[in-house]
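Student: Let's work through this model with short questions and short answers. Where do we start?

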Amino acid sequence: MVGESLKTNKIQNKRFFVDYLQGKILDIGGGTTPVIPSAQVFDLKHGDAQHILKYLEAESFDCVHSSHCLEHMDDVSSAISQWWSLVKVGGYLILVVPDEDLYE
């Protein structure tokens, strides 16, 4: 969905950006509205996020962020495992998923 990161960003405390979104950031499914302007976006045109290690090197990001993308993966456990492997030691994986009560 377009702009999901921007919606989430509106409710985030400024400290969230200082604490977690620093360094080299990957935004999986970020489209044209990445979580922060400097984030590298990985979207459908870049490849299949389910098999992201085919395209990107492990332990190459300080933070991997994804908003409203995980629920589109065929194998959620495998996707999380691969996405987590992209994070450098001491880094962060931030996942935002829809609330089943708020979405159709």
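Student: Which residues of helix H3 are buried?
Tutor: This is a predicted model. Buried means under 20% relative accessible area. In H3, residues 76–85, that label goes to Ala79, Gln82 and Trp83.

Student: Why are those buried residues on the same side of H3?
Tutor: Take the buried set, Ala79, Gln82 and Trp83. Their directions around the axis put them on the same side of H3, because they cover an arc of only 100°.

Student: Which strands are included in what covers the buried residues of H3?
Tutor: The cover includes three runs of strand. They are E1 (25–28), E3 (61–67) and E4 (87–96).

Student: What is the handedness of the crossover from E3 through H3 to E4?
Tutor: E3 and E4 run parallel, joined by 6 bridges. One of the paired positions is His65, whose partner in E4 is Ile94. The chain passes from E3 through H3 to E4, and this β-α-β crossover is right-handed.

Student: Which residue forms a salt bridge with Arg15, and is that partner in helix H2?Tutor: Both residues lie in H2 (residues 14–20), 4 residues apart, about one turn of the helix. Arg15 is exposed at 51% relative accessibility. The closest N and O atoms are 3.2 Å apart, and the partner is Asp19.

Student: How many residues apart are Lys88 and Asp62?
Tutor: Their side chains meet in a salt bridge, 3.7 Å from N to O. Lys88 is partly exposed at 32% relative accessibility, and Asp62 is partly exposed at 25%. The pair links distant parts of the chain, Lys88 in strand E4 and Asp62 in strand E3, and the separation is 26 residues.

Technical notes:
Residues are numbered from 1 along each chain as its sequence is written. This is a predicted model: local features need pLDDT of at least 70, side-chain atom pairs count only at pLDDT 80 or more; totals for chains, interfaces and linings use all residues. Side-chain values use heavy atoms; hydrogens and water are left out. Buried means under 20% relative accessible area, exposed over 50%, partly exposed in between (1.4 Å probe, protein chains only). Helices (H or I, at least four residues) and strands (E, at least two) are DSSP runs, numbered from the N terminus. The arc is that of the directions from the helix axis to the C-beta atoms. Contact means heavy atoms within 4.5 Å. Two strands pair if DSSP finds at least two bridges between them. A crossover is right-handed if, with the strands pointing away from the viewer, the path from the first strand over the helix to the second runs clockwise. A salt bridge is a side-chain nitrogen of Lys or Arg within 4 Å of a carboxyl oxygen of Asp or Glu.
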